[in-house]
Each structure stands twice: as C-alpha cells, then as structure tokens.
Amino acid sequence: MLDTFRSSSKLINTLTGHTADVRCIDYAAFDEDQFLCSGSYDKTVRVWDVETNQQIELFNGHLNYVNCVKFSPYHYHNQHRNVVCSSSDDKTIRFWDIKDNKQLNVFNGHLTWVGVIEFSQFNGGRYLCSGSYDKTICLWDVETSKLMHVFNGHEDGIFCVDISPLQSNNNIEKNNIGVIGGNGYTICSGSYDKTIRIWDIETTKQFTVIKGHQKAVNSIKYGSNELINTILSGSDDNSVRLWDTRSSKQIQVFNGHTNWVWSVEYSSFVVNNTEVGSNSNVVCSGSWDNTIRFWDIRSNKKELYIIKGDKKKDERIYCFKFVPLKKKGQNNENEKKKNSDCGFNLYYGSHGHHIIVWG
C-alpha cells in the first residue's frame with residue numbers, strides 16, 4: 001500500500017479559512033457523512049465536509065489558542081448528536097453542537113492552558129482525559145460533567161495524552177467490574193519533563209515512568225492489534241521513538257527530522273521488509289522541519305518516504321490525519337478504485353494557516 005501511495009500521491013486540495021497556524025485536526029464518520037474538524041491559533045474551531053472540502057461550521061467561543069480538537073463518540077452514540085470537543089490556552093475544554101451551531105458545555109478545572117484531550121474507547125467514549133501545562137492530567141465524566149480524578153506526578157507541563165485501545169471481547173466483563181468500567185485500561189502522557197508516564201485509570205496510580213527522550217515529548221500514541229503493547233512518541237529532540245509498555249524499554253528510534261516532532265501516528269500502510277522476510281507496519285511523523293516522514297517499524301534505517309510541505313505556505317507541520325475515502329452511495333470496490341488507488345487521503349495542518357489535502 002505504501003508503494004501505491006508513494007507513486008501516485010500529490011497535493012490535491014487546500015482548505016482555507018483559518019487565519020493563523022492550524023494546530024490540530026480530527027476525523028469522524030457520522031452515518032453517511034464524513035467530517036473533519038480543526039483548531040487553530042486564530043482561537044476558532046472549524047468543521048469541514050470531507051466530500052466537498054467545504055467549511056460547514058465555525059465556533060469562535062474560545063478566548064485564546066485552540067490546541068486540540070476531537071469529535072465526541074459519547075454524544076454521537078448516546079444522544080445522536082454530532083459534537084466537537086476542544087481545548088485551549090484559555091484553560092477551558094468546550095463542547096460544540098455541529099447541527100445546532102452552539103456551545104453545549106464548558107469544563108473548567110485546569111489552572112493554565114489545556115494542551116490535549118482524548119476520549120476513552122471503553123464505555124462508548126463516556127470519559128475524557130485532558131493534559132495541561134499545570135502538570136496535571138484530568139479525567140472527566142462526560143455524562144455528568146464531573147471531574148473524576150486529577151493525576152499528579154509530572155514535573156512540567158503536559159502536551160500529549162492517549163488512552164489505551166479497546167480490549168478484546170474476552171475482557172469486557174472483567175472491565176465492567178471497576179468503578180468506572182475502566183479496569184485494565186491506562187493513560188499515557190508525555191511532558192516537557194522529557195518523560196512518558198503510564199497511569200492506571202481504575203486505581204488512579206502511576207504505573208511506570210519511561211525515560212529516553214532528551215527534550216520535551218510533544219506527541220504520543222498507543223498501538224493496537226498486534227502492536228497493542230507499544231507506544232509511539234515524538235519529541236523536541238527531533239526523534240520518533242517506539243516503546244514496549246511491558247518492559248518500558250525502547251524498541252526503535254527513528255532519526256531524520258531536523259526540527260521538533262509534533263505529531264505521530266500508526267498508519268495502515270505495510271511494506272515488504274526483506275530483512276525479516278515478511279511485511280512490516282509503517283509509522284508516520286510530522287515535524288516543524290516541514291515534512292511528514294514514513295518509517296518501517298522494524299528498522300531504524302532511513303525513512304521510507306517523505307512528504308515535503310510547501311515552503312511558502314507551510315513552514316511547520318503540526319498535525320496530520322489519514323481520512324478514508326467514502327463517497328455517498330459508493331458500495332463496491334470498483335467505484336472506490338476510481339477515486340483513489342490507496343483508499344484514503346492525508347490531511348495536514350501547518351503554520352501556513354491552511355489544511356492541505358494529499359492523496
């Protein structure tokens with residue numbers, strides 16, 4: 001799949017509207033519709049129709065930079081509402097109803113800017129995790145709007161968090177025994193204190209501290225499926241690293257970026273790895289060096305592929321998202337094939353105020 005993307009991909013569109021750096025983006029499919037949301041240093045949250053690449057909503061209630069945006073699975077599954085959640089330098093977390101174009105709720109609790117938010121995959125997204133420069137991680141109950149717990153331990157501000165992926169059906173009954181139904185699930189966080197920490201949600205205890213990055217940790221992701229015991233991280237030390245959560249040891253380090261790494265993702269790409277005689281997964285990273293780079297998870301050699309941002313328009317890449325192509329009424333593989341060889345487009349946000357579509 002990576003070879004196909006590498007040989008055929010190109011810049012195909014630019015989403016304009018933001019008037020400052022696009023700091024964050026997220027993707028969701030609601031019924032037949034596909035949406036992208038974005039947050040910017042222009043203090044706004046915007047929602048885009050993926051099929052038309054047109055802006056369909058603008059929320060301007062934040063009083064400072066918007067650092068993170070996420071679609072709320074809880075509101076969709078439980079209230080049949082399409083809702084975006086955002087965090088900001090104004091210390092708040094806000095919920096916005098896309099259809100009704102209004103603010104639904106505000107969470108106040110952090111003492112300074114909120115850098116990141118993440119919904120739980122367990123319990124249908126009922127729980128929200130947030131990380132702040134006040135050195136704390138907060139766990140919120142979206143249903144009751146209550147702050148459930150504050151995790152303390154980091155020695156500096158927190159700019160990235162993730163919640164471990166949904167466990168197999170065999171563990172569902174065990175998971176529901178816990179107070180919040182989160183038994184066995186963990187939060188990972190990255191901080192300006194250069195550490196990655198893992199926290200047990202049910203017991204609220206710090207599980208482990210992972211050290212290795214030489215500077216601030218900006219981005220962090222849990223792996224899933226066969227990579228469920230891994231964490232991927234990006235840092236101001238220009239490196240991307242893969243960690244084993246069981247041993248807290250580094251599995252791989254990917255060097256090549258020449259500036260801060262602000263975004264990392266596990267991709268659906270695979271490559272043929274002749275060293276191990278089988279296919280290997282691909283991870284990706286976006287950096288202030290104005291590139292998105294693709295890496296073989298089993299090899300720390302030179303990157304597999306580089307997408308370079310426009311020198312005039314971009315300068316720094318903050319975030320990116322792989323968005324599957326799904327036309328309304330598109331049911332068979334032949335129709336999908338007409339639209340894209342690899343089945344998805346890559347969207348990224350940058351210092352250039354735009355969202356770039358690559359596919």
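# Briefing: a strand-rich predicted model

The largest nonpolar core of this protein holds 28 residues, and Ile-93, Phe-95, Leu-128, Ile-137 and Ile-187 have the most contacts inside it. The model is predicted. Its pLDDT averages 90, and 91% of the residues score at least 70. The secondary structure comes to four helices and 28 strands.

**Nonpolar core**

- Six strands give two or more residues each to the largest core: E7 (83-88), E8 (92-97), E10 (114-119), E11 (127-132), E12 (136-141) and E14 (158-163).
- In soluble globular proteins, nonpolar side chains tend to be buried together.
- Which residues does Ile-187 touch, leaving aside neighbours within four places in sequence? Its contacts are Cys-129, Ile-137, Leu-139, Phe-151, Asp-162, Ile-163, Arg-197, Ile-198, Trp-199, Ile-201 and Tyr-222.
- One of these partners, Ile-137, is itself listed with Ile-187 among the residues with the most contacts inside the core.

**Overall fold dimensions**

- The radius of gyration is 19 Å, close to the 21 Å that the globule rule gives for 359 residues, so the protein is as compact as a globular protein of that length.
- Along the principal axes, the C-alpha atoms fill a box of roughly 50 × 50 × 40 Å.
- Of the 359 residues, 57% count as buried.
- Take the contacts between residues at least 6 apart in sequence: 51% of them join residues at least 24 apart.

**Sheet E18-E19-E20-E21**

- Four strands form an open sheet in the order E18-E19-E20-E21, with antiparallel pairing.
- Strand E18 (217-222) and strand E21 (249-254) are the edges, and each pairs on one side only.
- From one strand to the next, the twist averages 20°.
- Strands of a sheet pair through backbone hydrogen bonds, either parallel or antiparallel.
- Inside this sheet, E19 (residues 230-235) and E20 (residues 240-244) run antiparallel and are joined by five bridges.
- Ser-233 stands opposite Arg-241 in E20.

**Hairpin E2-E3**

- Strand E2 (residues 22-30) is mostly covered, with eight of its nine residues buried.
- E2 pairs with E3 (residues 33-40) in the antiparallel sense, over eight bridges.
- Val-22 stands opposite Ser-40 in E3.
- How many residues separate E2 and E3 in the hairpin? There are two, and Asp-31 in the turn has a positive phi of about 55°.

**Positive phi in other loops**

- Most residues other than glycine have a negative phi.
- His-80 has a positive phi of about 55° although it is not a glycine.
- His-80 is found in the loop between helix H2 (73-79) and E7.
- Is His-80 buried or exposed? Its relative accessibility is 71%, so His-80 counts as exposed.
- Lys-194 also is not a glycine, and its phi is positive, near 80°.
- The loop that holds Lys-194 runs between strand E15 (186-191) and strand E16 (196-200).
- Lys-194 is partly exposed, with a relative accessible area of 41%.

**Residues far apart in sequence**

- Cys-342 lies in the loop between helix H4 (333-339) and strand E27 (344-350).
- Cys-342 and Met-1 are 341 residues apart in sequence, yet their C-alpha atoms are 6.3 Å apart in space.
- Leaving aside neighbours within four places in sequence, Cys-342 is in contact with Met-1, Thr-4 and Phe-5.
- Cys-342 counts as buried because its relative accessibility, 12%, is under 20%.
- Val-150 lies in strand E13 (residues 146-152).
- The C-alpha atoms of Val-150 and Lys-326 are separated by 40 Å, with these positions 176 residues apart along the chain counted as their separation.
- Beyond four places in sequence, Val-150 is in contact with Thr-136, Ile-137 and Cys-138.
- At 30% relative accessibility, Val-150 counts as partly exposed.

**Low-confidence stretches**

- Over residues 170-175 the pLDDT stays under 50, and the model has seven contacts for them beyond four places in sequence.
- Residues 331-339 also have a pLDDT below 50, with six contacts in the model beyond near neighbours in sequence.
- Where pLDDT is low, the predicted coordinates should not be read in detail.

Key
Residues are numbered from 1 along each chain as its sequence is written. Side-chain values use heavy atoms; hydrogens and water are left out. Two strands pair if DSSP finds at least two bridges between them. Axes are lines fitted to C-alpha atoms, for helices over the stretch in contact, and angles run from 0 to 180 degrees between N-to-C directions. A nonpolar core is a set of buried Ala, Val, Leu, Ile, Met, Phe, Trp, Tyr and Cys residues joined through side-chain atoms within 4.5 Å. Buried means under 20% relative accessible area, exposed over 50%, partly exposed in between (1.4 Å probe, protein chains only). Contact means heavy atoms within 4.5 Å. pLDDT is the predictor's confidence in each residue, from 0 to 100. The radius of gyration is taken over C-alpha atoms; the globule rule is 2.2 Å times the number of residues to the power 0.38.
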